[in-house]
Amino acid sequence: MQFLDQAKIYLKSGNGGNGCVSFRREKYVEFGGPDGGSGGKGGDIIFECCSNLNTLIDFRYKQHFKAKKGTDGSGKNCSGAKGSDMIIKVPVGTQIISDYDKKTVIKDLTIAGEKVIFLKGGKGGFGNTHFKNSIEQAPKKANPGLEGEEIWVWLRLKILADIGIVGLPNAGKSSLLSAITNAKPKIGSYPYTTLTPQLGIIKGDKQDIIISDIPGLIKDAHKGVGIGTRFLGHIERCKMLLHVIDAKSKNPIESYNSIQKELKEYGNELTKKKQIIIISKIDLINKKELAKILQNIKKFTNMPVYSCSSLKKIGLDKIIDYLLNIEIKDIKTNIKKDEKWLPENQ
Ligand SMILES: Nc1nc2c(ncn2[C@@H]2O[C@H](COP(=O)(O)OP(=O)(O)OP(=O)(O)O)[C@@H](O)[C@H]2O)c(=O)[nH]1
Ligand SMILES: [Mg+2]
């Protein structure tokens with residue numbers, strides 16, 4: 001399935017229906033009086049947050065969303081019908097962002113099933129019956145319906161995963177995701193095999209954990225090098241990070257530091273997230289080499305450090321056990337509203 005995590009769309013709620021000027025006309029009834037009904041309310045623009053969607057790809061093909069106009073009022077005091085609402089389904093984790101400054105988050109849709117009236121339809125105009133009073137017995141006036149509202153907005157999807165996997169390209173992130181979850185991401189012996197975030201789930205007795213793999217980061221990713229840091233947005237909401245370091249990399253400490261630096265440069269408190277370091281591909285090194293890497297890494301960090309081989313299925317159970325025993329739901333995430341996000345540059 002194709003993945004799209006941002007889209008610009010136009011929204012317009014329905015105009016209200018016009019009120020009607022009409023007089024009762026019946027045989028033998030003189031001065032029947034006004035009987036013009038009011039117009040119906042215009043349809044609303046409603047966003048619905050759906051758990052079965054995980055991309056904004058539908059918005060590549062349709063960008064304009066308009067709710068229906070309310071129908072006009074008519075004689076015999078008939079009110080117009082309400083215009084039908086336009087319901088727009090979006091994945092959980094979709095933010096609606098102002099097109100004006102391209103950063104104000106107008107609405108953050110994070111709860112599956114949540115429905116939000118985003119633009120209200122215009123009110124219907126009153127028919128002439130409404131204007132009848134003791135002085136004015138036969139009013140010839142009616143109101144037009146009020147216009148609906150319109151706006152251009154950006155949708156931005158930030159996947160809601162519990163844990164995000166980060167690391168240099170080719171570090172073995174997708175292999176780890178496929179080894180510990182049900183996901184089947186593409187794995188390749190070349191950098192940038194993963195071009196879009198992939199999700200997988202570890203099912204446990206107490207809790208299920210959603211893990212997201214994102215494209216590899218390289219030095220100066222925060223300046224746009226490689227695939228840049230665009231996908232770091234997807235791990236902003238993660239509770240924890242798995243930082244994968246290739247055991248065969250020339251200098252694991254340097255790999256570790258370069259990723260920490262990119263997380264720091266990106267900001268939004270990514271470095272404050274709980275991290276677990278995972279030394280991958282340990283089937284390619286001997287025990288002595290591994291012991292040396294572990295010893296060196298532990299000098300740099302007091303984060304938990306694990307080692308594994310996704311290919312030979314070594315060390316995976318320990319990692320899964322560790323993750324399933326963390327009270328993931330209790331970990332708080334700090335998400336700042338004003339982010340560095342310029343959709344047109346990406
Ligand atoms: N020997 C061995 N090779 C591994 C292991 N894990 C991954 N690899 C290999 O390393 C290469 C990269 O693996 P990926 O899982 O695609 O790495 P990635 O970090 O997702 O790479 P990008 O998506 O390109 O950033 C592939 O050729 C894998 O087969 C492992 O545990 N042992
Ligand atoms: Mg990958």
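# Exercises on a predicted model

An open sheet of 3 strands, with mixed pairing, has the order β4-β2-β7. The model is predicted: local features need pLDDT of at least 70, and side-chain atom pairs count only at pLDDT 80 or more, while totals for chains, interfaces and linings use all residues. Residues are numbered from 1 along each chain as its sequence is written, and ligands are numbered from 1 in the order in which they are written.

**Exercise 1.** Determine which strands stand at the edges of the sheet β4-β2-β7.

*Solution.* Strands (E, at least two residues) and helices (H or I, at least four) are DSSP runs, numbered from the N terminus. Two strands pair if DSSP finds at least two bridges between them. The strands β4 (86-91) and β7 (115-119) each pair on one side only, and these are the edge strands. Next, β2 (residues 45-50) pairs with β7 in the antiparallel sense over 4 bridges. Within this pair, E48 stands opposite K115 of β7.

**Exercise 2.** Describe the sheet that contains β10 and β14.

*Solution.* This open sheet has 6 strands in the order β10-β11-β9-β12-β13-β14, with mixed pairing. Its edges are β10 (198-203) and β14 (305-307); each has a single partner strand, so one side of each is left without a neighbour in the sheet. The strands β10 and β11 (residues 208-213) run antiparallel and are joined by 6 bridges. Here I201 stands opposite I210 in β11.

**Exercise 3.** Identify the residues that coordinate the magnesium ion, and state whether they are buried or exposed.

*Solution.* Donors are N, O and S atoms within 2.8 Å of the metal (3.2 Å for Na, K and Ca); water is not among the atoms, so sites may look incomplete. The magnesium ion (ligand 2) is coordinated by S174 (OG) and T194 (OG1), at 1.9 to 2.1 Å. S174 belongs to helix α2 (residues 173-180), whereas T194 lies in the loop between α2 and β10, 20 residues apart. Both S174 and T194 are buried (under 20% relative accessible area with a 1.4 Å probe, protein chains only; exposed is over 50%).

**Exercise 4.** Analyse the packing of α3 against α4.

*Solution.* Axes are lines fitted to C-alpha atoms, for helices over the stretch in contact, and angles run from 0 to 180 degrees between N-to-C directions. The axes of α3 and helix α4 (residues 287-300) are 10 Å apart, at an angle of about 35°. Contact means heavy atoms within 4.5 Å. From α3, the contact is made by P252, I253, Y256 and N257; from α4, by I293, N296, I297 and F300.

Notes. Heavy atoms only, no water.
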